[in-house]
Amino acid sequence: MDMPRPYRSVLYIPASKERALDKARSLDVDAIIFDLEDAVTPDAKVEARDTLKAALKEGGYGARAKIIRLNGLDSAWGREDAEAMKDAEADAFLLPKVSSAADVEALAAIIGKDKDIWAMIETPMGVMKAEEIAAHPQMKGFVAGTNDLAKELNCRFRADRLPMITSLSMMLLAAKAHGIVAIDGVYNQFKDDEGLAAECAQGRDMGFEGKTLIHPAQVAVCNEAFSPSAEEIDLAERQIAAFEETEASGQGVAVVDGKIVENLHVETARKILALAEAVSAR
Ligand SMILES: CC(C)(COP(=O)(O)OP(=O)(O)OC[C@H]1O[C@@H](n2cnc3c(N)ncnc32)[C@H](O)[C@@H]1OP(=O)(O)O)[C@@H](O)C(=O)NCCC(=O)NCCSC(=O)C[C@H](O)C(=O)O
Ligand SMILES: [Mg+2]
């Protein structure tokens, strides 16, 4: 099995803040979203492009995936952002408020057909069209925009996120159907570790690969939640061993800790071990 690229912790960094851009070089995050959109004020938007280009040229971000969030193409800055950043040292370009595959195609027409594109799913139409957006050949990842989603749905923030579970599930289904990455939305109370841990656990249990973050203080909690635990690794190893032994004796089903283990469980167990290996290789 190929070693997967971990996306446990995905930190937003305002592209206008040199100090934060520098700090990210030493943070234990799997990916960075260099943000030209909501984290940058209108009067700083144009200068932020140059600040970001200089930081990316200087490098030092190591194995962290580098994703640039542009402003929407229907905004005053989006098209120029895309033109200015298309040759920057980045792994992908993240388009906010995507509502159709045509939005993705419009970005591809500016930055080129060989670039990876990610989409913020954060509007009702984006959720409804998530499948066609995920199907675009350049689409590689979805990021939930839970703040915009709450605004658009006029729903309340609740600890159990019940009002937005349908939207998150629909985006997950589309992502999984097309084999692309899905990252959960941000947790706004960045000093509340307990609340963050609970929301990370919920996102992980739903099938998200990781969570977007807004502050360095959130990184450790998030990495722990999205890394396979020692118990999960131990169980995966025992499931694989038990299944291989059973298979050698001509049986198709093993039993571990009182639960059946079939071929499909072994595939999940191998994925857990591959992720654990990728995490420890970082
Ligand atoms: C939330 C903040 C405004 C807090 O900033 P600040 O008061 O400066 O925090 P600290 O003093 O505690 O910072 C300590 C040091 O850490 C650095 N720092 C802070 N934030 C980041 C960061 N995001 N990345 C890297 N480094 C960071 C500070 O520079 C300090 O460094 P040092 O001085 O060297 O010790 C701030 O955290 C912030 O601006 N966060 C990002 C906000 C953001 O990106 N918002 C947009 C994304 S959320 C969103 O839009 C989601 C989606 O679209 C949706 O709809 O849901
Ligand atoms: Mg948003």
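Is R69 buried or exposed, and how many C-beta neighbours does R69 have inside 10 Å? R69 counts as buried, because 24 C-beta neighbours lie inside 10 Å; a residue is called buried if 20 or more other C-beta atoms lie within 10 Å of its own, exposed if 12 or fewer, and partly exposed in between, with the C-beta atoms placed from the backbone.

## About the model

This is a predicted model, in which local features need pLDDT of at least 70 and side-chain atom pairs count only at pLDDT 80 or more, while totals for chains, interfaces and linings use all residues. Residues are numbered from 1 along each chain as its sequence is written, and chains are lettered from A and ligands numbered from 1 in the order in which they are written.

## Domains

The domain assignment, whose bounds come from an automatic or database source, divides the chain into domain 1 (9-226) and domain 2 (230-281), and the C-alpha centres of these two domains are 33 Å apart. The unreviewed UniProt entry places the feature "domain: HpcH/HpaI aldolase/citrate lyase" at residues 8-216; UniProt positions are given here in the numbering of this model, feature names are shortened, and annotations may be inferred rather than shown by experiment.

Over residues 8-216 the chain is 40% helix and 19% strand, and the C-alpha atoms at the two ends of this stretch are 14 Å apart. Helices (H or I, at least four residues) and strands (E, at least two) are DSSP runs, numbered from the N terminus.

## The barrel

Eight strands close into a barrel in the order β1-β2-β3-β4-β5-β6-β7-β8, and the pairing is parallel. Neighbouring strands of this sheet are turned by 25 degrees against each other on average, direction ignored; the axes behind this angle are lines fitted to C-alpha atoms, for helices over the stretch in contact, and angles run from 0 to 180 degrees between N-to-C directions.

Two strands are said to pair if DSSP finds at least two bridges between them. Strand β1 pairs in the parallel sense with strand β2 (residues 31-35) over five bridges, where I13 stands opposite F34, and β1 also pairs in the parallel sense with strand β8 (residues 210-213) over three bridges, where V10 stands opposite T212. Elsewhere in the barrel, strand β6 (residues 139-144) and strand β7 (residues 181-184) are joined in the parallel sense by three bridges, and V143 of β6 stands opposite I183 of β7.

## Strand β1 and its surroundings

Six of the six residues of β1 are buried, so this strand is largely enclosed by the rest of the structure. In a regular strand the side chains alternate between the two faces of the sheet. In β1, S9, L11 and I13 point one way and V10, Y12 and P14 the other way, and all are buried.

## Around ligand 1 and the annotated site

Ligand 1 is surrounded by 23 residues, of which the closest are Y12, A39, G145, N147 and D148; a residue is counted as near a molecule or strand if its C-beta atom, placed from the backbone, lies within 6 Å of it. At least two residues of this shell come from each of β1 (9-14), α1 (18-23) and α7 (146-153), and β1 gives the most, with four residues. The shell divides into twelve nonpolar, five polar and six charged residues, where Ala, Val, Leu, Ile, Met, Phe, Trp, Tyr, Cys and Pro count as nonpolar, Asp, Glu, Lys and Arg as charged, and the others, Gly among them, as polar.

The UniProt annotation "binding site", again from an unreviewed entry, covers R69 and E122. Although these residues are spread over 54 residues of sequence, they cluster in space, with a largest C-alpha distance of 13.8 Å. R69, the buried residue of the opening question, is in strand β3 (residues 65-69).

## Residues in loops

The loop between α7 and α8 holds N154, whose phi is near 55 degrees, a positive value in a residue other than glycine. N154 is exposed, because 7 other C-beta atoms lie within 10 Å, whereas C155, in the loop between α7 and α8 (165-177), is partly exposed, with 15 other C-beta atoms within 10 Å.

D257, in the loop between β9 (254-256) and β10 (259-261), also has a positive phi, near 50 degrees, and D257 is exposed, with 9 other C-beta atoms within 10 Å. V186, in the loop between β7 and α9 (193-206), counts as buried, because 22 C-beta neighbours lie inside 10 Å.
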